[in-house]
Amino acid sequence: MSDPRTPSELLIGTNQGLLGLAEGEPRADPNFGTREVSALGVRDGEAWTVTERHAIVRRDPQGAWVEVARSDLELVSLVATSQGLFVGTEEAHLLRLGDDGGLDPVDAFETIEGRETWFTPWGGPPAVRSIAQDLSGRLHANVHVGGIPRSVDAGATWEPTIDIDADIHQVVAHPSEPDVVLAAGAVGLAVSVDGGARWRIEREGLHATYARAVAVSVEHVLLTVSNGPRGGRAAIYRTALEPGSAFERCTVGLPEWFDGNIDSGWLDARGPEVAFGTGDGEIFVSSDAGERWTRTAEGLPAIRALRFP
C-alpha cells in the first residue's frame, strides 16, 4: 500500500533529466533522457518543459517526449493557457507557440510602459521569470526585475502592475478564485483580489521577507523565504488569504532551516498535496496543506522545476 503522506504523482525536473515521483519512489523517465530541465508546465493532461534552455519539449498522450520548438533566445519560463503556450525568455521577451511550431514574439510585450526601467541587481538584462493565467483568462508575466505586467486580452495589449521595487520572483493564479493572484517577492507575499490591478503586501510573522516561491493549497498560501539572494535560514511558511493573516513557519518533519533558497518553481500544490525540492536534491511532501511534511527523496540531481500534473 502506498504511503498516504506521499503524492500520487509528481513531475521533477533536474539538471540531469526528468523524474516522476509515484508512491514515494522517484524514477527517471526513460523517454526523456538526461537533458537539463529548467521549467515545467502542465495543462489538461499534457506536460511541457524548457529543456537545455533553448527547446520546448511536450509529452504526448503515449508518454513520449517530443521537441516542438526551439529558440536562439535563452528560455526561462512557460505556461500552457487557454490561449496557447506562452514562453518567457532572458532579456525579458515573451513568445507564443504558433500553429506552425514556431515561437512567435508577443509584440505588445516589447512596448509596455516603463520597460526601460527594468533591471537586475547584478546589472544584467532582466528576464520573464514566471507566467500565470488566472481563471478569468488574464495573463500575468513576472519580470525580474520589472513588476508583473498583465494582459486582459490574450496578450494583445499589456499594462504594468505593482511597483518594480517589490522585486517579484514568481507569480501564480489561485486555482479556484477567479480574481486572486499571488506573488513572491523581496518584500514578502503580494496579493491581488482584482485580477492583478492592485496589490497588497503581507509579511506578518515572517522571520525575513525575501520570498522566492509561492503556491496555493486549499485554504492556505505557502511561501518560501530566506535571508536574501544567497539564501541562509530558508524556510517554508503558510498563511490564510484574509488580509492581515499572520504567517506560521512549517516545522513538522522539516529541518530547522535550509541553507539555500527554495527557488521559484520548486514548490507546487494540488488540493491538500504540497511538494517542494531543494538545490541539493531533496524532495519534501505534505498531504495536509503544509502542516506536516515527509522527506521522500534525497541525493537526487539538483532540482530545477517541480509540478503536479
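This is a guided tour of a predicted model, going from the whole chain to single residues and pairs that can be selected in turn.

**The whole chain**

Begin with the protein chain in a cartoon view, where there are 27 strands and zero helices. Along its principal axes the C-alpha trace spans about 50 × 45 × 35 Å. The radius of gyration is 18 Å, which agrees with the value near 19 Å that a compact globule of 309 residues would have. If you then colour by accessibility, buried residues make up 56% of the 309 residues, while the accessible surface comes to about 13100 Å², with 46% of that area belonging to carbon and sulfur atoms. Of the contacts with a separation of 6 or more, 46% are between residues 24 or more positions apart.

**Strand β5 and the E36 network**

Select T51 next, which lies in strand β5 and counts as buried because its relative accessibility is 1%. Leaving aside residues up to four places away in sequence, T51 touches F32, R35, E36 and V57.

From there, keep E36 on screen and add R53, since the side chains of these two residues meet in a salt bridge with an N to O distance of 3.4 Å. This pair links distant parts of the chain, with R53 in the loop between β5 (46–51) and β6 (55–59) and E36 in the loop between β3 (25–28) and β4 (37–43), 17 residues apart. Which of the two partners is buried? E36 is buried, at a relative accessible area of 18%, whereas R53 counts as partly exposed at 40%.

For a salt bridge with an exposed partner, move to D44 and R43, whose closest N and O atoms are 3.7 Å apart. D44 is exposed, with a relative accessible area of 72%, and R43 counts as partly exposed at 31%.

**R138 and D179**

Now select R138 together with D179, a salt bridge in which the closest N and O atoms are 2.5 Å apart. R138 lies in the loop between β12 (127–133) and β13 (139–144) and D179 in the loop between β15 (168–173) and β16 (181–185), so the pair ties together parts that are 41 residues apart in sequence. R138 is buried, with a relative accessible area of 15%, and D179 is partly exposed, at 33%. Returning to the earlier group, add E74 to the selection, as salt bridges that share partners join E36, R53 and E74 into one network. Over the whole model the count comes to 19 salt bridges.

**The start of strand β17**

Select G188, which is found in strand β17 (residues 188–192) and counts as buried at 0% relative accessibility. A distance drawn from G188 to L206, C-alpha to C-alpha, is 8.2 Å, although these residues are 18 apart in sequence. Not counting residues up to four places away in sequence, G188 touches A183, E202, L206, T209, A211 and L223.

**Aromatic pairs**

Turn next to the rings, for which a search of the whole structure finds eight aromatic pairs. One of them is F109 with W158, an edge-to-face pair with 5.1 Å from centre to centre and 90° between the planes. These two residues come from distant parts of the chain, F109 from the loop between β11 (103–105) and β12 and W158 from the loop between β14 (150–151) and β15, 49 residues apart. Both partners count as buried, F109 at 0% relative accessibility and W158 at 11%.

Another pair to select is F276 and W293, where the ring centres are 5.1 Å apart and the planes stand at 70°, so the pair is edge-to-face. F276 lies in strand β24 (residues 273–277) and W293 in the loop between β25 and β26 (294–297), so the pair ties together parts 17 residues apart in sequence. F276 is buried, with a relative accessible area of 0%, and W293 likewise counts as buried at 5%. Extend the selection to F258 and F284, because F258, F276, F284 and W293 form one aromatic cluster.

**Last stop: S286**

Finish at S286, which lies in strand β25 (residues 283–286) and is buried, with a relative accessible area of 3%. What does the side chain of S286 reach? The side chain of S286 reaches the backbone nitrogen of G290, at 2.9 Å.

Conventions. Residues numbered from 1 in each chain as written. Predicted model: local features only at pLDDT ≥ 70, side-chain atom pairs only at ≥ 80, totals over all residues. Heavy atoms only, no water. Salt bridge = Lys/Arg side-chain N within 4 Å of Asp/Glu carboxyl O. Helix = DSSP H or I, 4+ residues; strand = E, 2+ residues; numbered from the N terminus. Buried < 20%, exposed > 50% of the residue type's maximum accessible area, 1.4 Å probe, protein only. Polar contact = N/O pair within 3.5 Å; in protein donor to acceptor, adjacent residues only side chain to side chain. Rg over C-alpha atoms; globule rule 2.2 N^0.38 Å. Contact = heavy atoms within 4.5 Å. Areas by Shrake-Rupley, 256 points an atom, 1.4 Å probe, with all protein chains shown as cover. Phe/Tyr/Trp six-rings, centres within 6.5 Å; stacked < 30°, edge-to-face > 60°.
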